[in-house]
Structures are given as structure tokens and as C-alpha cells.
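Please look over the sequence and the structure shown here before turning to the notes on them.

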Amino acid sequence: MAAEQEGEWTMTVTGIITAIVIGAIIGALGRLVVPGRQGIPIWLTIVIGIVAALIGTAIAGALGVSSTRGIDWIELLIQIALAAVGVIAAAGLYGRRGVR
């Protein structure tokens, strides 16, 4: 997602698009894990997915399971679990906002 040049990180357009696509996938998978209907917009699901992917990658790196041969299943499960928690929290907060 980012390219390192002389100690600096720069975000590329490809990196941003990749983050959005991965965020949408992780957010959608997190939403599928949560039972029932969540009354949150798709943009919020994507944002939750992006944040969950970033935090999940950091956690997997700290646990030493971020780089394996093939698909990083543990990292993916961490990201989906974080997205599910985020969807539950957002649905609760977003749903309460409209009720008065």
C-alpha cells in the first residue's frame, strides 16, 4: 500500500484503491458474521473494514503470524473478527442516533 523512499512512506493511488477494496471485502465479511440486519450504510461498512484490516495486520504482526506461505488465514480471521465487532458497535451507535 505504501512505498518507502529514503525513510519516508508515501501512499500511492494504487495503495488507496487496494485499501478501499480490501476494506470493503473485510467489512462485508464482518457484516456477514454478525447475525441479524445491521442498519448501517455501505460507506460505514467499508470504513470499518479498512480500520479492521489495518489493526488486524498490526495485531498479526505483533503475534508473528502476518507473513506465512500462502494465505495468511490467522491474519484474515483477526481482521474479520475486528470488523464484526466494529459492525456491532456501529449498528448500535448508528441505530440509536435515529431513535429519540
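The briefing below covers annotated regions, the surface and the core.

This is a predicted model, in which local features need pLDDT of at least 70 and side-chain atom pairs count only at pLDDT 80 or more, while totals for chains, interfaces and linings use all residues. Residues are numbered from 1 along each chain as its sequence is written, and side-chain values use heavy atoms, with hydrogens and water left out.

**Annotated regions**
- An unreviewed UniProt entry places the feature "transmembrane region" at residues 12–34, 41–64 and 76–95, in the numbering used here, with a shortened feature name and annotations that may be inferred rather than shown by experiment.
- Residues 41–64 are 92% helix and 0% strand, with end C-alpha atoms 34 Å apart, whereas residues 76–95 are 100% helix and 0% strand, with end C-alpha atoms 28 Å apart; helices are DSSP runs (H or I, at least four residues) and strands likewise (E, at least two), numbered from the N terminus.

**Surface**
- Val47 lies in helix α2 (residues 42–63) and counts as partly exposed because its relative accessibility is 38%, where buried means under 20% relative accessible area, exposed over 50%, and partly exposed in between (1.4 Å probe, protein chains only).

**Core**
- The largest nonpolar core (buried Ala, Val, Leu, Ile, Met, Phe, Trp, Tyr and Cys residues joined through side-chain atoms within 4.5 Å) has seven residues, namely Val34, Ile40, Leu44, Ile48, Ala84, Val87 and Ala90.
- Helices α2 and α3 (73–98) each supply at least two residues of this core, and the largest share, three residues, comes from α3.
- A second, separate core of five residues includes Ile26, Ala52, Ala53 and Ala83.
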